[in-house]
Amino acid sequence: MATDVVDLILADHRRFEELFRALRDRGSDRSTLLGELAALLIAHAEAEESEVYPALKRYKEVDDDEVDHGAEEHAEGHQALLALMEISDTESEEWEGKLEELVEALNHHIDEEERTILNDTREQVAEERRAELGEKFLEIRQDRIDDDCGDLEYVRKVAHATADRID
């Protein structure tokens, strides 16, 4: 199993994109898919922010402002996720609109993070250190998933706790 933190983050990003496509399909089990997306998204963000981002800020070649901006975008994603989760009718136009807001916010973040933070990390951080960060990332991500971080109340708590980061 790969443990390079960059590869792990990229794999999660691709899974987010798969889930977006499935959530757009009106014939899918949207509630189940949204639960999977919520759990992975919250766990992913919390693992990045607790271990990966602080470690990357120690590298002068990795842009601290981009790392801070990534955390702000996580907060925006949490807000958009909560707004979607609070709509019970997955067939409604309101739900569809909130899904698109979430997809737009996350795609923006994924694009920026991949072009800046992850490219810098791959170029500037030694392979052994990326593997160490990957192991920590996986551990924290799994701990959050085990704690049912995709639950509406957990998402609500995270969204409220991170709301002050949004410009």
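Asp 4 is buried in this predicted model, at 12% relative accessibility. Its salt-bridge partner is Arg 130, with the closest N and O atoms 2.8 Å apart. The pair spans 126 residues of the chain, from the segment before H1 to helix H5. Arg 130 likewise counts as buried, at 9% relative accessibility.

**Salt bridges between distant parts of the chain**

- The whole structure contains 21 salt bridges.
- Arg 14 pairs with Glu 114 in a salt bridge whose closest N and O atoms are 2.8 Å apart. This contact joins helix H1 to helix H4 (residues 93-124) across 100 residues.
- Arg 14 is partly exposed, with a relative accessible area of 32%, whereas Glu 114 is buried at 19%.
- A salt bridge also forms between Arg 26 and Glu 93, where the closest N and O atoms lie 3.3 Å apart. Because Arg 26 lies in the loop between H1 and helix H2 (30-56) and Glu 93 in helix H4, the pair ties together parts that are 67 residues apart in sequence.
- Arg 26 is partly exposed at 41% relative accessibility, and Glu 93 is exposed at 61%.
- Arg 26 and Glu 93 belong to a network of salt bridges that also includes Arg 30, Glu 91 and Glu 96.

**Surface charge**

- A patch of negative charge on the surface is formed by Glu 139, Asp 143, Asp 146, Asp 147, Asp 148 and Asp 151.
- Within this patch, Asp 146 belongs to helix H5 (residues 127-146) and is exposed, with a relative accessible area of 56%.

**Model confidence**

- The chain has a mean pLDDT of 93, and 99% of its residues reach 70 or more.
- Among the elements, helix H1 (residues 5-24) has the highest mean pLDDT, 97, and helix H3 (residues 64-85) the lowest, 91.

Definitions and conventions
Residues numbered from 1 in each chain as written. Predicted model: local features only at pLDDT ≥ 70, side-chain atom pairs only at ≥ 80, totals over all residues. Heavy atoms only, no water. Patch = residues over 30% accessible without salt bridge, like charges linked within 9 Å, V, L, I, M, F, W, Y side chains within 5 Å. Areas by Shrake-Rupley, 256 points an atom, 1.4 Å probe, with all protein chains shown as cover. Salt bridge = Lys/Arg side-chain N within 4 Å of Asp/Glu carboxyl O. Lys, Arg positive; Asp, Glu negative; His and termini not counted. Charge placed at Lys NZ, Arg CZ, Asp CG, Glu CD. Helix = DSSP H or I, 4+ residues; strand = E, 2+ residues; numbered from the N terminus. Buried < 20%, exposed > 50% of the residue type's maximum accessible area, 1.4 Å probe, protein only. pLDDT = per-residue confidence, 0-100.
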